[in-house]
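Open the model in your viewer and keep the selection tool at hand. The tour goes stop by stop.

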Amino acid sequence: MSSFLFVTDLDNTLVGDDAALLELNQKLAAHREQHNSKIVYATGRSLYLYRLLAEAKSLLPPDALITAVGTEMYFDREGCAGNPRISNRGVNQQESQYDREWANILAQGWNRQEIVAIASQFTDLQLQPKSEQNPFKVSYYLAEAAAAEILAKLQAALKQEGFDIKLIYSAGQDLDLLPKNGDKGLAVQFLRRRWKIAPEQTIVCGDSGNDISMFEGQEKSLLVANAKPELLEWYAANKNEHNYLAKADCAGGIIEGLKHFGFI
Ligand code: GLC
Ligand code: MG
């Protein structure tokens, strides 16, 4: 067994089956201890909402944390591998490092104020709570029935004003507007380069639309059995030998995938 980079979404992927999560946590903690494997969470949640979940579900402290659909990244204080891990209690913008290099990459081609002004013309879009907005992420609720039409129109309106940005729709309700250079998949690749970990030694796990970007790279990838329709549709159209659709839900599916790819 050798060291690997484990990256997982949280809601309905790592979290959702408490018994399986307990079993997976034991395996991951032991692997990290013995082989120096790395654990990274890549979530749509803000740091604030992440901390609530980490506390409620006793998540293992990650080696790095990607929040807000890849628009924020946190390392331990030293900012590189092998240093004391981010504690679930300790992660906040004051105490741990908000990665500036990543923020500079996101800033290219992004103008939050103008993007919000364009989106605010669409009355079907309801702004999500303030905690879920950040300098490089604007998030709305959008009902599924209206989604296809509004997404096409919004995309066209943004394009007309010269904005090439990402519109990511997840779970039939959440719409995230993100910089062209920002999403979970690009954040994982940034992290891999920084840590010098090969794609073959990396596994990414997810269940919904905001995870699709992680499935498009060369990394091994695992879809839990309870994946949302938008991810299953993507899988049906794009699957390749790197992708594995588990038979079990949530953490049970992750254990299955880790075994399938020979990581544990
Ligand atoms: C999380 C975030 C929300 C986002 C959604 C989908 O629920 O809190 O802002 O829209 O993930 O990415
Ligand atoms: Mg999820």
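Select Cys205 and Leu222 to begin: Leu222, in strand S11, is the bridge partner of Cys205. Keep in mind that this is a predicted model.

**Stop 1: the parallel strands**

Widen the selection to residues 202-206, strand S10, and residues 220-223, strand S11. These two strands run parallel and pair over 4 bridges. Now add residues 243-245, which form strand S12. S12 is parallel to S11, and 3 bridges join the two. To see one of the pairs, pick Leu223 and find Leu245, its bridge partner in S12.

**Stop 2: the antiparallel sheet**

Move to the open sheet of 4 strands. Read across it in the order S6-S7-S9-S8; the pairing here is antiparallel. Which strands lie at the edges? Select 126-127 for S6 and 166-170 for S8: each of these edge strands pairs on one side only. Next, colour residues 174-178, strand S9. S9 pairs with S8 through 5 bridges, in the antiparallel sense. Click Lys166 and look across to S9, where Leu178 is the bridge partner. In general, strands of a sheet pair through backbone hydrogen bonds, so switch on the backbone atoms while you are here.

**Stop 3: ligand 1**

Centre the view on ligand 1, which sits in the largest pocket. Show the residues around the ligand: Gly44, Arg45, Leu49, Val69, Gln128, Glu132, Lys137, Ser139, Asp174, Asp176 and Asn210. What is the make-up of this shell? Colour by residue class and you will find 5 charged, 4 polar and 2 nonpolar residues.

Now check three side chains in turn.

- Lys137: a side-chain N or O atom is 2.8 Å from an oxygen atom of ligand 1.
- Asp176: a polar side-chain atom lies 2.6 Å from an oxygen atom of the ligand.
- Asn210: the distance from a side-chain N or O atom to a ligand oxygen atom is 2.6 Å.

Finish with a surface view. On its own, ligand 1 has 310 Å² of accessible area, and the protein covers 85% of that.

Notes
Residues numbered from 1 in each chain as written. Chains lettered and ligands numbered in written order. Predicted model: local features only at pLDDT ≥ 70, side-chain atom pairs only at ≥ 80, totals over all residues. Heavy atoms only, no water. Pairing = 2+ DSSP bridges. Near = heavy atom within 4 Å. Polar contact = N/O pair within 3.5 Å; in protein donor to acceptor, adjacent residues only side chain to side chain. Areas by Shrake-Rupley, 256 points an atom, 1.4 Å probe, with all protein chains shown as cover. 1 Å grid on protein atoms, 1.4 Å probe; cavity = no way out; pocket = protein on both sides within 12 Å on 5 of 7 lines; lining within 4 Å. Sits in = over half its atoms within 2 Å of the grid points. Nonpolar A, V, L, I, M, F, W, Y, C, P; charged D, E, K, R; others polar.
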